[in-house]
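Please read the points below with the sequence and the model open beside you, and look up each residue as it is named. The note begins with rings and then turns to the contact between chains and to charged pairs.

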Amino acid sequence: MFGLGMSAKVAFGAIHGIIPVALFTITAVQNIRPVLVKSARMMRLDPLDMVRRILLPAALPEIFTGLRIGFSLTLIGTLLGEMFASQRGIGFLLMNAIGLHNIDLIMALTFLISLFAGAASFILLFLDRRLYARV
Amino acid sequence: MSATSTQSWRNAARLVVVVLVAWQLAYWVVGEVALRSPAETLAFAAKLVQTPSFYAHVAESTKAFALALLIAVAVGLAAGFLLGLNRFASDVVEPVLVAFYSIPKITLYYRSCC
């Protein structure tokens, strides 16, 4: 549908990321105390204010958990998309190295990707814990 | 630094040590055919990040990842807020989302490789 190249990678990454973000946000919004949503409706807040003043502050920790999982899945999706439908990028470099049995390059790329993913995950988990501790 | 934060640092350090030891052991068992030792990998990675062509690939990947993340967060949050406020709509759509979530998306590539 998106052919090869940039749009394919972005689309493939995005479909991995959208669903966990959406699922976690749905659950988070449903778990908000009903009185908050009812008062907001009674005050006739428009949708943007509703999100900004009620939903986001009240459900931030759970939404952030969804964003954290969405982050990792989007990273996986983008790299997978690059491995199969791209001529540039880290995923393509990795697939090329696998094809050429260039073990040095495979190991170095895997190491660098894991380093990035691990560091990002650690930072996001740290922020996540702080959000939950605040509530 | 609180107690849980110190704990999580300690756990992360422990994980890194365990992975490195397992990696080195696996290297000794498997040998040069399929693995490189952690030290060799580090040395090669240090050389790799200095080559200019590597930067072009990293820039491409970063751009794709940033765009994908932006779309995922924007669409995901919008869908989540809309469906979360409407109980009926979320009852209808959520099972579909969960089903789609559990599909390995790579199967959607009808001819992925080979």
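**Notes on the predicted model**

1. Over all chains, the structure, which is a predicted model, holds 4 aromatic pairs. In the pair made by B:F54 and B:Y55, the ring centres lie 6.4 Å apart and the planes stand at 70°, and because planes over 60 degrees apart are counted as edge-to-face, this pair is given that name. B:F54 has a relative accessibility of 6%, so this residue counts as buried.

2. How many residues of each chain take part in the contact between chain B and chain A? On the side of chain B there are 52 residues, and these are in contact with 59 residues of chain A. Together the two chains bury about 4,800 Å², and 80% of this area is on carbon and sulfur atoms. Within chain B, the residues that lose the most area to chain A are B:F65, B:F81 and B:L85, which together account for 14% of what that side buries.

3. Across this interface there are 8 residue pairs in polar contact, counting pairs in which both residues have pLDDT 80 or more. On the side of chain B that touches chain A, at least two residues come from each of α1 (3–30), α2 (38–48), α3 (52–85) and α4 (87–101) of chain B. The largest share, 23 residues, is supplied by α3(B). Sorted by class, that side of chain B has 35 nonpolar, 10 polar and 7 charged residues.

4. A:T78 is a useful residue to look up, since its place is in helix α3 (residues 47–84) of chain A and, at 2% relative accessibility, A:T78 counts as buried. The side chain of A:T78 reaches the backbone oxygen of A:T74 at 2.6 Å. Apart from neighbours within four places in sequence, A:T78 is in contact with A:K9 and A:G13 in chain A, and with B:S61, B:A64, B:F65 and B:A68 in chain B.

5. Side chains of opposite charge can pair when their charged atoms come close. Over all chains the search finds 8 salt bridges, and across the interface of chain B and chain A the rule finds 3. One salt bridge within chain A joins the side chains of A:K9 and A:E82, with N to O at 3.3 Å. This pair links distant parts of the chain, for A:K9 is in helix α1 (residues 6–30) of chain A and A:E82 is in helix α3 of chain A, 73 residues apart. Both A:K9 and A:E82 are buried.

6. Which side chain of chain A meets B:E60 in a salt bridge? The partner is A:R88, at 3.2 Å from N to O. This pair crosses between chains, from helix α3 of chain B, where B:E60 lies, to the loop between α3 and α4 (90–100) of chain A, where A:R88 lies. B:E60 counts as buried at 13% relative accessibility, whereas A:R88 is partly exposed, with a relative accessible area of 48%. A network of salt bridges links A:K9, A:E82, A:R88 and B:E60.

7. A:D104 and B:R36 also form a salt bridge, in which the closest N and O atoms are 3.0 Å apart. Because A:D104 lies in helix α5 (residues 103–134) of chain A and B:R36 in the loop between α1 and α2 of chain B, this pair joins two chains. A:D104 counts as partly exposed at 25% relative accessibility, while B:R36, with a relative accessible area of 13%, is buried.

Key:
Residues numbered from 1 in each chain as written. Chains lettered and ligands numbered in written order. Heavy atoms only, no water. Contact = heavy atoms within 4.5 Å. Buried area = accessible area lost by both parts, 1.4 Å probe. Salt bridge = Lys/Arg side-chain N within 4 Å of Asp/Glu carboxyl O. Polar contact = N/O pair within 3.5 Å; in protein donor to acceptor, adjacent residues only side chain to side chain. Helix = DSSP H or I, 4+ residues; strand = E, 2+ residues; numbered from the N terminus. Nonpolar A, V, L, I, M, F, W, Y, C, P; charged D, E, K, R; others polar. Phe/Tyr/Trp six-rings, centres within 6.5 Å; stacked < 30°, edge-to-face > 60°. Buried < 20%, exposed > 50% of the residue type's maximum accessible area, 1.4 Å probe, protein only.
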